[in-house]
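Trainee: Could you take me through one part of this structure closely? I would like to look at the second largest pocket and then at the aromatic rings.

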Amino acid sequence: PGHDHRWTDYGPAGTAATRALHVELLEAARATAVSDPDAELARRVLIDEMERAIDSHDAGDHLWNLNSIASPFQSMRSVFEVMSTANADDWEAVIARLGTIAEPLGGYQATLAEGLSTLPVARRQVDEVVQQARVMAGEGSSLVQLLDTFDEGGYSAALRERLVQAIDTAKAASGSFAEWLATEYRPGAVDADAEWPLVFPVDGE
């Protein structure tokens with residue numbers, strides 16, 4: 001609660017900070033002594049999860065985390081489908097996220113650019129995400145459906161206008177991301193899955 005207007009930092013600094021947090025949690029879990037069997041199980045699960053997350057980061061999984069189903073772009077796109085819209089404060093959070101989506105997209109873009117030279121993504125996956133981002137930026141964008149939900153609540157015209165502007169901002173950011181993928185990132189992708197290096201994400205995703 002209280003952070004619904006904020007975004008995950010998908011940039012290099014953000015992923016490094018997340019790794020540092022995982023290390024801190026891992027060290028704390030290892031240093032914690034418990035006697036209750038259930039607490040010990042929870043401690044072991046936490047240790048396993050933190051070790052997995054750290055190994056995943058160190059393997060560079062975040063540097064090529066681009067696919068058509070479950071990568072940061074889909075997380076950013078789908079968050080608006082699950083955000084609460086029960087009152088005006090909820091809509092303020094929605095508007096804030098829409099208006100600032102360029103920030104996490106930019107961070108994600110920087111991370112992908114960092115990994116392109118060593119772990120290129122299959123071109124078909126890039127093409128799928130380009131298409132998804134272009135749809136999000138277009139007239140048929142799922143973001144426009146937010147207006148239908150908003151109109152059911154009887155909120156002010158001023159708040160609606162801000163929502164419209166925020167949707168336009170988010171659509172433009174998605175369009176810019178699609179353009180970067182298509183023109184800057186795609187040329188470095190591999191042509192087919194068969195050419196993909198035999199490297200798999202540590203976390204199995």
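Mentor: Happily! The second largest pocket holds about 160 Å³ of space. A pocket here is an open set of points on a 1 Å grid over the protein atoms alone, where a 1.4 Å probe fits, with protein on both sides within 12 Å along at least five of seven lines; the volume is the space filled by probe spheres set on the points, joined across faces, edges and corners. This is a predicted model, where local features need pLDDT of at least 70 and side-chain atom pairs 80 or more, while totals for chains, interfaces and linings use all residues. Residues are numbered from 1 along each chain, and side-chain values use heavy atoms, without hydrogens and water.

Among the lining residues (an atom within 4 Å of a point) are Arg77, Phe80, Glu81, Leu143 and Thr149.

Phe80 also has a ring partner: with Trp7 it forms an edge-to-face aromatic pair, 5.9 Å centre to centre and 70° between the planes. Rings of Phe, Tyr and Trp (its six-membered ring) pair if their centres lie within 6.5 Å; planes under 30 degrees apart are stacked, over 60 edge-to-face and the rest tilted. Trp7 and Phe80 are 73 residues apart in the chain, and both are buried (under 20% relative accessible area, 1.4 Å probe, protein chains only).

Trp7 has another neighbour, as the charged end of Arg97 sits over the Trp7 ring, 5.5 Å from its centre (the cut-offs are CZ of Arg, or NZ of Lys, within 6 Å of the centre and within 35 degrees of the ring normal).

Methods:
Helix = DSSP H or I, 4+ residues; strand = E, 2+ residues; numbered from the N terminus. Buried < 20%, exposed > 50% of the residue type's maximum accessible area, 1.4 Å probe, protein only.
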